[in-house]
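This report takes up a few local features of the structure shown below, moving from one part of the chain to another.

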Amino acid sequence: MLDEANGRSTRHKLPSTPQDPYRAPIQGLREIIEMVAATPDQVRFVGLGTTVATNALLERKGALTGLITTKGFRDLLEIGRQTRPHVYDYRAHKPAPLVSRELRLEVEERVAADGSIITPLNEKDVSDALQRLAAAGVKSIAVCFLNSYANANHEARVARMARDVCPEIFVTTSQELIPELREYERLTATVINAYLAPTMKAYLSRFAEEVRTLGIPETPFVMSSSGGVVTPELAIARPIDLLLSGPGGGVSAALYIAGTSGHRNLITFDMGGTSTDVCLIQDERADVSHVRNIAGYPIRSTTMDIHTVGAGGSSIAGIDPGGMLRVGPHSAGANPGPACYGREGARPTVTDAHVVLGRLNQEYLLGGALRIDAARSYAAIAAEVAGPKGISVQDAAVAIFEVSNMNIAQAIRFVSVERGLDPSDFMLLSFGGAGGLHAAAVARELSMAVLVPPTPGVLCAMGVLTKNIQLDMSQSRLVRAEPSDAIAPIAAIFHDLEQRARDTFERNSIDTAGLLIERAVDARYVGQNFELIAQVPSGAVTVATQAAVRADFEASHKRLYGYAQPEKSLELVTFRIKAVVPVPQPNFSEAGATTYAAPVPAGTRRTYFETCNDFLDCPIFERASLLPGSCLQGPAIIEQMDATTVIPPDFEATTDDWGNLILRPIAKGAST
């Protein structure tokens, strides 16, 4: 919570409630309002970042969904692409389709790639299909026809018929959701959106209702995967845009920190209970992706380019059939959670390794709200790791810690080294409840410095407060970039996209007076099969615009592939806009004059450090005691309500004017 009158922020954290996911954030709102002695009617903005859509997809807990598609194409959902994600794994299986075959119905219609109608829509087929799906009890229908991105009339007609015949059933059409080429990806996106919509409608509607019941007069906004916020109505219509809602908040907060701290190049390292999310920020801009893979499904949606690995505090450690130690990707989640939580059926996790190594408080977490049982951590690691390997519990805990670090380092290399970038040119922005426990070790591996923000455990929530209202829209059209007669069609496509964005905002009661538009296009050399994103300058489309697009495309092509081909024709494939309605930005900055203050430890704890392969008497500091200018030389542990940060003996930490903790390796031979 931010008090705009004085710039003071208050943070709070409590366990999630997976069975009724709206309960935890509502209880959090109630408690944090009480903590600052405010009243609900004083609240001017509520933002929600959520993983409910992601969990529903991963756990296959979406709605019973039907599909209406072009005759002859119902099995495309199952056939997919020829590419195999695991070429040498003969046991690899594709995820089962989200719509069973008997609920994938075909209708007679056909549109050519240029938008011309080959076969008119057979409305009797549509009527029969709608009756069959309604009788089967589906809660949602996906409509996706061949080449409908070039002519949406058939899909639009089916949607109107469906809303007349069965208005209680949610309908998603590909032309409303993602009018882009590549039939399989568009079909999959439409099905996923339909599959998630009823679940997200129930969740977001209940959350908005409970916000009103609390007495908060403002309608809540929802964080989208692309880094903006949208109304609940827009989120319900496009739940596919929420699949990275939670992690997107962290990247948004990182962009805010980049703008205030002066560190323009960052790699975010968000380590929570289940996974680690990393994203590269260069010159205060985060990479953006328009297609990604989640649980084996291709996701066509604009998202922050966040790479995820199964390495979190609750990642389960165990010995595989080959006798090797594995850490993750399976997670104990919040329930039963790590063994130290004391719940039945818990298995050893990364958190338990930290307890054994003395890196975490041996009695409680979350400022005392969560009691832990260190003895259970020892017992779980002894039973499932140390015993089978014939090593000590301490050595097993060290191994769990180091394997987890390697998984995280590999994820960071994926977004940097594999794209031709040196991670040492970036600062590692560590957050999430478990990030500070691993940050220094990972930074040492990659020759990086670390920035730990003042509120690392709830940084994703802070990020929701820093974002504008945003909508991303796209349209596929094949246009040669160079001819002067291409200027008019390019301008017309962008005009239509902007009008669609305005209409969408206005239908959701959002004032578009200050609307800002950013334009981009997916481009390729003629004959190529995949595209690169090129930025399109603002203003009227001219010959200079075409030249700027080509220059940006060729710079990206050369950076990624090592060459460019100026003599080849350029083809524009998918046109994109980011429509932004600015909202007043919060000011979390609490900068002051740099005044050195020697912090006083609150106690000590025997803690293991891998650099000396031994336990040391490590001083424990409260984060609140570290004022601007404070400097610590490791070993040290910094505790706060929402996170713990470990400073190894070969690192030192300073607090900057903005309250960020900066960790850097101590140069060999240097003294402090």
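## Asp552 and its surroundings

D552 counts as partly exposed, because its relative accessibility is 26%, a value that falls between the under 20% of a buried residue and the over 50% of an exposed one. The model discussed here is a predicted one, and in it D552 belongs to helix 16, which covers residues 543-561.

When its neighbours within four places in sequence are left aside, D552 is in contact with I533, A534 and Q535. A491, which lies 61 residues away from D552 along the chain, has its C-alpha atom separated from that of D552 by 18 Å.

## Strands 23 and 24

The three contacts of D552, namely I533, A534 and Q535, can be placed on the faces of strand 24, which runs over residues 532-536: A534 belongs to the covered face together with L532 and V536, whereas I533 and Q535 make up the uncovered face. In a regular strand, side chains alternate between the two faces of the sheet.

Strand 24 pairs with strand 23 (residues 516-525) in the antiparallel sense, over five bridges, and within this pairing L532 of strand 24 is the bridge partner of A523. The hairpin that the two strands form has six residues between the strands, and there G527 takes a positive phi near 105°.

## Helix 1 and the loop after it

Helix 1 has 13 residues and should span 18 Å at 1.5 Å a residue, so the distance of 18 Å between its end C-alpha atoms agrees with that expectation. Its buried residues are A24, I26, G28, L29, I32 and I33, and the buried residues of this helix pack against helix 7 (183-214).

Just after helix 1, A37 takes a positive phi of about 55°. V36 is placed in the loop between helix 1 (23-35) and strand 1 (47-48), and V36 counts as partly exposed because its relative accessibility is 33%. Together with M1 and M35, V36 forms a nonpolar patch on the surface, whose accessible area comes to about 230 Å².

## Helix 9

Helix 9, made up of residues 245-261, has 17 residues and reaches 24 Å from its first C-alpha to its last, which is close to the 24 Å expected at 1.5 Å a residue. Of these 17 residues, 15 are buried, and helix 9 is therefore largely enclosed by the rest of the structure. Just after helix 9, G262 takes a positive phi of about 90°.

Definitions and conventions: Residues numbered from 1 in each chain as written. Predicted model: local features only at pLDDT ≥ 70, side-chain atom pairs only at ≥ 80, totals over all residues. Heavy atoms only, no water. Buried < 20%, exposed > 50% of the residue type's maximum accessible area, 1.4 Å probe, protein only. Helix = DSSP H or I, 4+ residues; strand = E, 2+ residues; numbered from the N terminus. Pairing = 2+ DSSP bridges. Patch = residues over 30% accessible without salt bridge, like charges linked within 9 Å, V, L, I, M, F, W, Y side chains within 5 Å. Areas by Shrake-Rupley, 256 points an atom, 1.4 Å probe, with all protein chains shown as cover. Salt bridge = Lys/Arg side-chain N within 4 Å of Asp/Glu carboxyl O. Expected span 1.5 Å × (residues − 1). Contact = heavy atoms within 4.5 Å.
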